[in-house]
Amino acid sequence: MALFGDPFRRFFWSPTIYRTSPGSSALLDWIESPDAHIFKINVPGFSKDEIKVQVEEGNVLVIKAEAKEEGGGQGKEKDVVWHVAERGGGITGKAAGFSREIELPEDVKADQIRASVENGVLTVVVPKDTTPKSSKVRNVNVTSKL
């Protein structure tokens, strides 16, 4: 595949194609079909109300989730001792969650993105724009003097 037609070309031309927040455990699969880009992200324990999917300026797909603090948060019950708080239940202040940012290819229909969550997996379908684009080649008039 030609480097310029590859969606991963941005690895070579820009610093990142996607970013994660520190401690993020949201694993990602990116699948490309002839009609769409499909993202599957592990979101175990998050409800659809806790997940936010949006497209920001520059065609960046942002996926965030924030878990609501569970009833037995650290310091709420004086006789309770937390030994491990990897799921975020014992975190005080900011709730546990994750954030992923993915720079989308140019050939997508950002206004037709769909997302659904089922069995702890968020599926985001980003349809491709299959209409032929006009050529971006532009002739420049050459003169003898500038």
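**Salt bridge**

I looked for salt bridges in this predicted model and found one. I noted the pair: the side chains of Glu-32 and Lys-128 meet, with 2.5 Å from N to O. I then looked up where the two residues sit. Glu-32 belongs to strand E2, residues 28–32, and Lys-128 to the segment after E8, so the salt bridge ties together parts that are 96 residues apart in sequence.

Next I asked myself: is Lys-128 buried or exposed? I found a relative accessible area of 12% for Lys-128, and this residue is buried because the cut-off for buried is under 20%. For Glu-32 I wrote down 43% relative accessibility, which counts as partly exposed.

**Strand E2 and its sheet**

I followed E2 further, since Glu-32 lies in it. A hairpin of three residues joins E2 to E3. The two strands run antiparallel, and I noted five bridges between them. I picked out one residue of the pairing: Asp-29 has Lys-40 in E3 as its bridge partner.

I then traced the whole sheet. It is open, has four strands in the order E2-E3-E8-E7, and its pairing is antiparallel. Which strands stand at the edges? They are E2 and strand E7 (114–118); each has a single partner strand, so one side of each is left without a neighbour in the sheet. I also noted the angle between neighbouring strands of this sheet: on average they are turned by 15° against each other, direction ignored.

**Nonpolar core**

I turned to the largest nonpolar core and wrote down 18 residues. Which of them touch the most other members? My entry reads Phe-39, Ile-41, Ile-63 and Phe-98. I checked which strands supply at least two residues each to this core: E3 (36–42), E5 (60–66), E6 (97–103) and E8 (121–127) do. As a general remark, nonpolar side chains tend to be buried together in soluble globular proteins.

**Phe-39**

Last, I looked up the contacts of Phe-39, leaving aside neighbours within four places in sequence. I found Leu-28, Asp-29 and Trp-30 among the contacts of Phe-39. Further along the sequence, Phe-39 is in contact with Leu-61, Ile-102 and Leu-104. I closed the entry with Leu-122, Thr-123, Val-124 and Val-126, which Phe-39 also contacts.

Key
Residues numbered from 1 in each chain as written. Predicted model: local features only at pLDDT ≥ 70, side-chain atom pairs only at ≥ 80, totals over all residues. Heavy atoms only, no water. Core = buried A, V, L, I, M, F, W, Y, C linked by side-chain atoms within 4.5 Å. Buried < 20%, exposed > 50% of the residue type's maximum accessible area, 1.4 Å probe, protein only. Contact = heavy atoms within 4.5 Å. Salt bridge = Lys/Arg side-chain N within 4 Å of Asp/Glu carboxyl O. Pairing = 2+ DSSP bridges. Axes fitted to C-alpha atoms, helices over the stretch in contact; angles between N-to-C directions.
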